[in-house]
Every structure is written in C-alpha cells, then in structure tokens.
Amino acid sequence: MSASTILSRLPFDKNLIYIDGQWTAPQSSQTSHVENPDVAEAIATVPECNAHDLDHAVRAAHSAFHDGPWVNEYSGAQRRDALLALATAIEENRSDIEMLESLNTGKPISDVRMELDDTIDLFRFFAGYADKVEGRHIAAQTNRNLEGYTVKVPVGVVGFINAFNYPICLLAWKVAPALAAGCTVVFKPGPQTPLTTQYFAHLLHKTGKFPPGVFNVVLGGAEVGQALVDHDLIDKIGFTGSVATGKQVIRSSASTKNVRSTSVELGGKSPGVVMPDADLDKTAKLVVSGCMANAGMNCNALTRLWVHRAIYDEFMPRLKAAAESLVLGTPQDDATQMGPLIDRRQYERVLEYIRVGREEDKAALLAGGQATLGRGYWIQPTVFFNVDPAARIATEEIFGPVLSVLVPFDSLDEVIEAERKNEFGLAAGIFTRRHQDIAKFTRKMRCGTVWVNNFNALYSYLPFGGFRNSGFGRELGYESFDGYLASKAIIDDITY
Ligand code: NAD
C-alpha cells in the first residue's frame, strides 16, 4: 500500500466521530488540518469537537458504565475475548495502520512496525488480566461474627488525553488496561495525530464485541481536552503530555464537583552515564538511538549524557560518527532511521534550543545543529559537548534530536549528587559491567525506569512512569491495570 493510496481508501469517514457505538456528525462545524511532517503538507481535514460533542461522548460512556452490558452483564472472560478479537483485527489491518501512522507522524516505517508489534501485544497482554480480577478474603480479626472480604471494581468512566508522539501505541497503553478492568472510555488523541485513533475506533466497532458507549472518541486540542477534564461525570483522568498542561490537568481535576483519581505521565530529561569500562563503540550507538529515536520526541529520551573523564576524548569521535551515520529520508522507506519533527511549532522550538545552546549556554557543537533536507520539519541529529549540567539545554525538555554531553565527570557519586537536582524523574541509564556501580546507580536514582547497558526498552509487563515533574501513576504492567480498579470492602454479619 503506497502512502497516497491509504488516504484515498480509509475505511471510515474522517469527518465523523465515534460516539455511543456510532459514527456521528459532530455538532461543531470547526475543522483542522492534519499534516504530513515530512513535506509540511496537509493530508486530511478532521472535525474539532466542542463542549456539546464532548458532553455527548461522556454521557454515552457514563450510561454504558452504569446501565450497559460491558460492566453489568459481561464476565471477565467475555471482556478478555473482546480484547483478543480487537488485537486480531489490528493485526489483520496492521499494514494500513502502519502506513497511516508513518504518514501522519513522519516516523520511519521500521519504527512504526515495532510500535504495531507492541500495540497488538498490549491488547493481548491486558486481555489476560480481564478474567483475573481478584479480591482478598480477610479473616475475622476482632469480631468472629463479622466476615470481611474485598472485591475489585472498575473505577468508572475514564477520560484519556494523549500526546502526539506515539498515537496508536500510547492509545494501547491506556485503553487496553482500562477496558480489561471493565471501565468505559472517552479518548482524545493529540490534535496533530488523530488518524490512527479513528482507524482504531473503526476496528473496535467492526469486532461487534464492544457495546455502544464503551469506547468513544473526541477530536480537538486544548479546549476539548479541558472540557473533558472539567466534566463532572468523569471518574478518572489519564493524561500524557507536557508538565505545564499536566499541572493544569491536576488543578482542574481537583476543582470538579467530585474529586477524581488522576494519572499524569509528563516530560523528562533522562541522564545516561558512560563509565570507564564501557564498550565505547556499542555505547555510542546505544546513546544515539536512546536520544534520537522518534527524532528525540520521546518523554524518556537520553538527553543528558555523563561521560567519565578517563574515556571522554576516546568516546567523542565515536559518538559523532554514530550521530552522523543515522539515515534521514522518506519515512516510508525501509532504510530510514530518523524522521522529521511533528509540526512547525516543535521544529521552531528545537531550532530555538539549538540557538540557546550555541549563544546562551556557549556549548560546543559536535554534530548537526541545522535544519536539513530542505523540506518539512527536518533537523539534523545534534550533539553538544562540554555542556554545563545546569545549562538550559541540559535541564529543559527540548523534545527533539538534541543531545547534551555534559562536562566530564570523575566519580559516580558526583553524577548521583548532581542528578538530585534534576527536575524530572522518568528514566536513567548506565553503561558498565561493574556490579558495584550498577547497584549504586539503580538504588540511588529517583526515577521510574533504570536501564543498564541498554536504553528505551519498554515491555507490556513492566511498569513505566515518573517521579517529580515526570508525573505520577504508572502505565504498563500489572500496576497500570490495577490503576483502573478500586477496592471495595464487604462486611457481612454472619449471625444475622
Ligand atoms: P501537550 O501538553 O501540549 O498536549 C498533550 C495533550 O493535552 C494534547 O492532547 C492536548 O490537546 C491536550 N491539552 C492541551 N491543553 C489542555 C488542557 N488545558 N486541558 C486538557 N488537555 C489539554 O503535550 P504534547 O506536545 O502533545 O506532548 C509532548 C509532551 O508529552 C512532552 O512533554 C513529553 O515528554 C510528554 N510525554 C510523556 C510521556 C510519558 O509517558 N511520561 C509519553 C509521551 C509524551
């Protein structure tokens, strides 16, 4: 399937939104363009929902939760089978979805294929939890006549707000565990990347296994996102995005009529540490992919690199070569390894940070530093070195292909001490075979994931999330499934 044919034969009407089990014309007449960032050209027009459309979606999810069969009649095994059918539907249509995702995000097609592997695996993994919801029997402790036990119940109607950077994969991170737990969902994708969410809604509908109102989509930006957070019938908000918006979401979540559980997955400025015994060739490549994957638009991207003084001079040429060898080009070509930035705003933001690095932070440039390919939103893989750990480019989230190699360090304690000041706590990595250093680093780093001799590996079965300004709550793993359940205690007087 070529890039242009996929758009001409989408199996859903992109002017409609999926609410209450139907493709519906939104009340809002506003629309927005969706771009192909490779060439900065519009490829589709989609609706922008208003507060009325949002209210329609939330009420549908609310009545599906309280009165519909998904929660009140289906067994866990039926929900499991629905999710397995959905995984199969995604698998059968994966080449279309991959092409659409690559076209709308500019991601290299080889990366999107891995993301689809993960998406399908996530639905199967969380399907496996749907029939394993368990409470506890708690033996009578103080009164022999009172029998106590807990049951786990779904938290209710979940409102999801997603970032643009992994449209289908982050959808799966959120939607698969929530549906497995028996929740109902209103989902808003990033405004730049709605197309694969629409495709997903089409497949979910086609399985015939999800009753009306269980999964609903609203499209648009901040306005409809804010309306979702403000809606009184929402029981939980799951948000992925920037720190500034995340803080706004937390404030708003506390201002609704009923307070609600909120999970926020925010930004990062993840450090990596290269110790003297590291394999320098291997590590240079791992650092470059750790930073530049998804053109650096990764919350967990390795953007602060600590290199030990003993190997600094030996390591820098290898790092430069690894950054400069990345293949940039048409994202739908198999050979392409890095794509463009998502939109003009992100492109200009990254170029501005490169200017800050040069002019304000006075950092030395090792590789890249410029726009490239003469089209779209392309920026070269960029590496600064000898960067002050407190410099702006070393402390602020850039969300682009920009790595700051900090001034050389002499002891791991120095790194650990400096990282206490890191505003973020999403991930960190270390490259060494020394057990003492690995143990010290994994114990001391206050972040949700620590990679040892690898970077960026994520699995459906391991939790992911942050400390400090990287947010709270966990996605993936049992922890994420459990986040969509609440414990209810039952106390039974057996003498009555
Ligand atoms: P963003 O904060 O601009 O937008 C995120 C989402 O929030 C979008 O859907 C947007 O429309 C919506 N939104 C905007 N204003 C809102 C409001 N007032 N109320 C409710 N919703 C609102 O972020 P972005 O630029 O789309 O994504 C990039 C950010 O996401 C980066 O900071 C990145 O680190 C973070 N991110 C974090 C994770 C993680 O798991 N920790 C994963 C991916 C991305």
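A polar contact here is a pair of N or O atoms within 3.5 Å, where, inside the protein, one atom must be able to donate a hydrogen and the other to accept it. Keep that in mind for the first stop, and remember throughout that you're looking at a predicted model.

**Stop 1: D343**

Select D343 in the loop between α12 (312-324) and α13 (344-360). Now show the side chain of Q192: the side chain of D343 makes a polar contact with it, at 3.4 Å. That pair falls inside the cut-off because the limit is 3.5 Å.

Next, display what else D343 touches. Not counting residues up to four places away in sequence, its contacts are E35, Q192 and Y377. Is D343 buried or exposed? It's buried, because its relative accessible area is 13% and the limit for that label is under 20%.

For a sense of distance, draw a line from the C-alpha of D343 to that of G477: they are 134 residues apart along the chain and separated by 32 Å.

**Stop 2: the six-stranded sheet**

Switch to cartoon and pick out the open sheet of 6 strands, ordered β9-β8-β7-β10-β11-β22 with mixed pairing. Which strands stand at the edges? Those are β9 and β22 (471-472); each has a single partner strand, so one side of each is left without a neighbour in the sheet.

Start at the β22 end. Strand β11 (residues 261-265) pairs with β22 in the antiparallel sense, over 2 bridges. Click E265 and you'll find G471 of β22 standing opposite.

Now go over to β8, residues 184-188, where 5 of the 5 residues are buried. Turn on its side chains: T184, V186 and K188 point one way, V185 and F187 the other, and all are buried. Yes, that list includes the lysine, K188.

Look at both partners of β8:

- Strand β7 (residues 157-161) runs parallel to β8 and is joined to it by 5 bridges. Here V158 stands opposite V185.
- Strand β9 (residues 215-217) also runs parallel to β8, with 3 bridges between them. On this side V186 has N216 as its bridge partner.

Add the helices to see how the chain gets from strand to strand. β7, α7 and β8 make a right-handed β-α-β unit. Carry on along the chain and β8, helix α8 (residues 195-207) and β9 make a right-handed β-α-β unit as well.

**Stop 3: the nonpolar cores**

Stay with α7, residues 167-180: this helix gives the most to the largest nonpolar core, with 11 residues. The core has 87 residues, and those touching the most other members are I90, F123, V175, L179, F200, F210 and F215. In soluble globular proteins, nonpolar side chains tend to be buried together.

Zoom in on I90 as a sample. Which residues is I90 in contact with, leaving aside neighbours within four places in sequence? Highlight I97, L116, T119, I120, F123, F200 and L203.

Then move to the second, separate core, which has 63 residues. To find it, select L302, V405, M445 and C447, which are among its members.

**Stop 4: the ligand**

Show the ligand with its surroundings. There are 30 residues around it, and N162, S242, T245, L266 and E397 come nearest. Three distances are handy to label:

- N162: a polar backbone atom is 2.7 Å from an oxygen atom of the ligand.
- T245: an N or O atom in the side chain is 2.7 Å from a ligand oxygen.
- E397: a polar side-chain atom lies 2.6 Å from an oxygen atom of the ligand.

**Stop 5: S252**

From T245, follow helix α10 (residues 243-253) along to S252. S252 counts as buried, at 8% relative accessibility. Beyond the four places on either side in sequence, its contacts are Q226, V229 and D230.

**Stop 6: the three-stranded sheet**

To finish, select the open sheet of 3 strands, ordered β5-β6-β24, with antiparallel pairing. Its edge strands are β5 (137-138) and β24 (485-493), each pairing on one side only. Strand β6 (residues 146-154) pairs with β5 over 2 bridges. For a last click, take H137, which stands opposite Y149 in β6.

Definitions and conventions. Residues are numbered from 1 along each chain as its sequence is written. This is a predicted model: local features need pLDDT of at least 70, side-chain atom pairs count only at pLDDT 80 or more; totals for chains, interfaces and linings use all residues. Side-chain values use heavy atoms; hydrogens and water are left out. A nonpolar core is a set of buried Ala, Val, Leu, Ile, Met, Phe, Trp, Tyr and Cys residues joined through side-chain atoms within 4.5 Å. Buried means under 20% relative accessible area, exposed over 50%, partly exposed in between (1.4 Å probe, protein chains only). Helices (H or I, at least four residues) and strands (E, at least two) are DSSP runs, numbered from the N terminus. Contact means heavy atoms within 4.5 Å. Two strands pair if DSSP finds at least two bridges between them. A crossover is right-handed if, with the strands pointing away from the viewer, the path from the first strand over the helix to the second runs clockwise. A residue is near a molecule or strand if one of its heavy atoms lies within 4 Å of it.
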